[in-house]
Amino acid sequence: MGAKAKKALKKNMSKVSAAPQKKEAADFLPLEGGPGLKLPVQKPTEDVSKVVYVGRIPHGFYENEMEGFFRQFGVIKRLRIARNKKTGKSKHYGFIEFEDSGVASIVADTMNNYLLFEHLLQVQLVPSDRIHPKLWRGVSFRYKPLDWVKIERKRHDKERTLDEHKKLVEKIVKRDGKRRKMIEAAGIDYECPEIVGNLEPAPKKIRFE
């Protein structure tokens with residue numbers, strides 16, 4: 001490289017260094033003067049939710065079965081299936097809380113659209129801001145199914161008053177009249193037996209001990 005070329009290179013370098021550099025606009029200026037301050041850029045934090053929503057739960061796949069199945073992924077902290085308050089039947093959706101957020105994320109990715117007993121499970125990670133404070137109310141309660149046969153037997157065998165007995169007999173006679181009209185309208189030659197009913201309630205049984 002010649003002398004002239006070296007001088008031209010030095011001249012260009014000096015111009016570049018002397019050129020004013022653009023400064024980024026400050027977020028705010030201090031009241032006492034001085035250079036402007038720039039706020040640090042905060043990266044969005046990842047959601048560390050540990051709760052998973054499970055939808056389309058098949059019949060018979062309840063608390064014990066769900067806990068035994070999902071325990072293969074990790075430790076389960078709480079599990080709750082939504083049930084009808086009156087009948088106790090499953091509403092076919094529930095929630096599972098794991099001890100580790102990473103396990104919950106893996107379960108949501110792996111088990112979504114998983115075929116189980118002809119049902120495609122809908123598994124999604126519930127964001128932390130969407131978790132209701134009353135979500136885990138009654139989580140330790142295990143519903144005991146009602147004995148409907150016993151309840152119906154008690155209702156059927158209860159002692160009725162005279163008015164209740166009359167209403168019962170009137171309903172039976174009314175149903176029988178509708179049945180007779182349907183048979184006649186169908187053109188069937190059939191003579192229905194007469195209903196012999198007593199409007200008086202049965203006498204109470206006296207037990208001797």
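Modeller: Helices here are DSSP runs of H or I, at least four residues long, and they are numbered from the N terminus. The model is predicted. Let us start with one residue: Asp176 sits in helix 5.

Biologist: Is Asp176 buried or exposed?

Modeller: Buried means under 20% relative accessible area. Asp176 has 11%, so Asp176 counts as buried.

Biologist: How many salt bridges does the structure hold?

Modeller: A salt bridge needs a side-chain nitrogen of Lys or Arg within 4 Å of a carboxyl oxygen of Asp or Glu. By that rule, the structure has six.

Biologist: What are the closest N and O atoms doing between Asp176 and Arg179: how many Å apart are they?

Modeller: They are 3.2 Å apart, and the pair forms a salt bridge. The two side chains are also joined by a polar contact of 3.2 Å. Now look along the helix. Asp176 and Arg179 are about one helical turn apart, because three residues separate them in helix 5. Arg179 is partly exposed, with a relative accessible area of 43%.

Biologist: Where do Asp176 and Arg180 lie?

Modeller: Both are in helix 5, four residues apart, which is about one turn. Arg180 has 23% relative accessibility, so Arg180 counts as partly exposed. Asp176 bridges to Arg180 too, with the closest N and O atoms 2.8 Å apart. Put the bridges together: shared partners link Asp176, Arg179 and Arg180 into one network.

Biologist: Which side chain meets Arg155 in a salt bridge?

Modeller: That of Glu152, at 2.4 Å from N to O. Both residues lie in helix 4, three residues apart, about one turn of the helix. Each is partly exposed: Arg155 has a relative accessible area of 45%, and Glu152 has 40%.

Biologist: Now the surface. Which residues form the positive surface patch?

Modeller: Patches take residues with over 30% relative accessible area and no salt bridge. Here Lys85, Lys91, Lys134 and Arg137 make up a positive patch. Take Arg137: it lies in the loop between strand 6 (122-125) and helix 4 (148-156). Arg137 has 58% relative accessibility, so Arg137 counts as exposed.

Biologist: Which residues make the nonpolar surface patch?

Modeller: Leu168, Ile172, Val173 and Ile195 do, and the patch covers about 300 Å². Val173 belongs to helix 5, residues 162-185. Val173 is partly exposed, because its relative accessible area is 46%. So helix 5 holds both Val173 and the buried Asp176.

Conventions: Residues numbered from 1 in each chain as written. Predicted model: local features only at pLDDT ≥ 70, side-chain atom pairs only at ≥ 80, totals over all residues. Heavy atoms only, no water. Patch = residues over 30% accessible without salt bridge, like charges linked within 9 Å, V, L, I, M, F, W, Y side chains within 5 Å. Areas by Shrake-Rupley, 256 points an atom, 1.4 Å probe, with all protein chains shown as cover. Lys, Arg positive; Asp, Glu negative; His and termini not counted. Charge placed at Lys NZ, Arg CZ, Asp CG, Glu CD. Helix = DSSP H or I, 4+ residues; strand = E, 2+ residues; numbered from the N terminus. Buried < 20%, exposed > 50% of the residue type's maximum accessible area, 1.4 Å probe, protein only. Polar contact = N/O pair within 3.5 Å; in protein donor to acceptor, adjacent residues only side chain to side chain.
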